[in-house]
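Me: I have a model open and want to go through it with you. Can we start with the nucleic acid contacts and then move to the fold?

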Protein chains: 2
Amino acid sequence: MSSSLSSQITRMLLDMLEKEGTTEIRRNDLAQSLGCVPSQINYVISSRFTPEHGYIVESRRGGGGYVKITRVSLDSPTAIMHAVNSAGTSIDPLAARSCILNLLSRGVIDKSGARLMLSAVDDSALRPLPTEQRDAVRASILKQMLLAYGKDDK
Amino acid sequence: MSSSLSSQITRMLLDMLEKEGTTEIRRNDLAQSLGCVPSQINYVISSRFTPEHGYIVESRRGGGGYVKITRVSLDSPTAIMHAVNSAGTSIDPLAARSCILNLLSRGVIDKSGARLMLSAVDDSALRPLPTEQRDAVRASILKQMLLAYGKDDK
DNA sequence: GTTTTTGACTTTCTCTGACTATAATGTGTT
DNA sequence: AACACATTATAGTCAGAGAAAGTCAAAAAC
């Protein structure tokens with residue numbers, strides 16, 4: 001179908017991820033081999049390999065730099081993804097709490113993971129923030145942690 | 001992996017430290033054997049073997065000089081408290097990261113706990129926030145999580 | 001109107017070399 | 001032997017060049 005540059009890059013990365021579940025690239029090399037500017041790679045990654053899509057991206061600048069993409073492999077994919085989605089862009093303390101407790105009771109996350117998540121999304125951890133900003137940050141942190149937890153399973 | 005000179009040196013030193021928990025080198029010899037300039041060793045040490053990372057470095061100039069790296073280890077509660085204190089009221093992403101990694105490498109926290117903490121204090125989790133507010137919130141969240149982990153006494 | 005593509009600019013990390021600092025050793029003088 | 005001084009052998013510091021990757025906004029394509 002769409003043979004846009006972005007789709008090409010996407011397919012390429014997907015392909016690499018197929019085998020290992022993780023892939024490490026040199027941004028500049030990849031761009032060069034595709035005849036595009038390096039920042040195009042960033043665009044593709046930030047539009048299609050986000051945590052919401054189930055990927056974690058790490059990178060390093062400078063000499064010997066790299067970009068590493070890891071697919072979050074989930075044991076209880078639906079549960080976690082559902083939680084991530086339902087967190088949306090904003091979640092209040094109570095909802096966050098019950099979301100975590102719910103996952104715990106269903107054995108998707110363990111006790112110590114739950115404890116950490118609870119402490120991180122607790123209102124007291126977000127104390128430095130004005131009330132009206134807290135829910136958005138809480139949602140962001142919660143999602144990030146849930147996806148990281150997914151990556152953990154082996 | 002990244003096979004930059006720095007990574008090579010890092011791996012080498014880590015390897016030596018593995019066995020003894022301490023290692024003593026001749027800066028010039030090591031540099032020579034790697035075909036690099038001696039000050040490169042200093043760079044690696046000052047960027048990856050800092051006290052923050054859990055190492056102390058002693059050295060001596062002049063004839064018979066040396067560089068000695070020792071891995072320090074505190075007991076868990078102390079280490080956690082120390083981490084909590086050093087987080088202060090504001091902490092940047094890099095410092096938070098190395099704080100967590102440090103606790104991990106010393107066996108104070110486990111891999112999955114580290115992963116969760118890392119994801120929660122990552123800048124991408126605090127994305128909804130303006131840059132100037134992130135460090136304060138990060139510190140708060142980190143401390144909250146560390147204390148929660150401590151309660152867990154395992 | 002949204003998604004893609006680009007390039008100028010920024011930030012971070014690495015590597016080097018010239019210069020500085022310190023310790024050990026040698027050499028000559030009293 | 002004791003002292004001073006020079007020489008040599010290390011290690012440390014710092015600034016600058018180079019090597020990636022990141023950001024952002026405007027142009028182009030859909």
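Reply: A polar side-chain atom of B:Arg48 sits 3.0 Å from a phosphate oxygen of DNA strand C. That pair is a polar contact, meaning N or O atoms within 3.5 Å; within protein, one must be able to donate a hydrogen and the other to accept it, and residues adjacent in sequence count only if both atoms are side-chain atoms.

Me: Which elements give two or more residues to the surface near strand C?

Reply: They are α1 (5-20) and α3 of chain A, together with α1 (5-20) and α3 of chain B. Helices (H or I, at least four residues) and strands (E, at least two) are DSSP runs, numbered from the N terminus. A residue is near a strand if one of its heavy atoms lies within 4 Å of it.

Me: Before I go on, what sort of model is this, and how are things labelled?

Reply: This is a predicted model, where local features need pLDDT of at least 70, side-chain atom pairs count only at pLDDT 80 or more, and totals for chains, interfaces and linings use all residues. Residues are numbered from 1 along each chain as its sequence is written, chains are lettered from A and ligands numbered from 1 in the order in which they are written, and side-chain values use heavy atoms, with hydrogens and water left out.

Me: OK. Which residues come nearest to strand C?

Reply: 26 residues lie around DNA strand C, and A:Ser6, A:Tyr43, B:Ser6, B:Tyr43 and B:Arg60 come nearest. By class there are eight nonpolar, twelve polar and six charged residues. Here Ala, Val, Leu, Ile, Met, Phe, Trp, Tyr, Cys and Pro count as nonpolar, Asp, Glu, Lys and Arg as charged, and the others, Gly among them, as polar.

Me: What about phosphate contacts from A:Arg48 and A:Arg60?

Reply: A:Arg48 has a polar side-chain atom 3.3 Å from a phosphate oxygen of strand C. For A:Arg60, the distance from a polar side-chain atom to a phosphate oxygen of that strand is 3.3 Å.

Me: Now strand D. Which residues are closest?

Reply: A:Arg26, A:Asn42, B:Arg26, B:Asn42 and B:Gly62 are the closest of the 26 residues that surround DNA strand D. The surface near strand D has two nonpolar, 16 polar and eight charged residues.

Me: How much of the strand D side is sugar or phosphate?

Reply: 68% of the strand D atoms within 4 Å of the protein belong to sugar or phosphate, and the rest to bases. A polar backbone atom of A:Arg27 is 2.9 Å from a phosphate oxygen of strand D. On the base side, a backbone N or O atom of B:Gly62 lies 2.8 Å from a base oxygen of strand D.

Me: Switching to the fold. How many helices and strands in chain A?

Reply: Chain A has seven helices and three strands, in the order α-β-α-α-β-β-α-α-α-α from the N terminus on. Of its 154 residues, 44% are buried; buried means under 20% relative accessible area, exposed over 50%, partly exposed in between (1.4 Å probe, protein chains only).

Me: Where is A:Ser124?

Reply: A:Ser124 is in the loop between α6 (111-121) and α7 (131-152) of chain A.

Me: Buried, exposed or partly exposed?

Reply: A:Ser124 is partly exposed, because its relative accessible area is 23%.

Me: And what does A:Ser124 touch?

Reply: Leaving aside neighbours within four places in sequence, A:Ser124 is in contact (heavy atoms within 4.5 Å) with B:Ser140 and B:Gln144. The side chain of A:Ser124 also makes a polar contact with the side chain of A:Asp122, at 2.8 Å.
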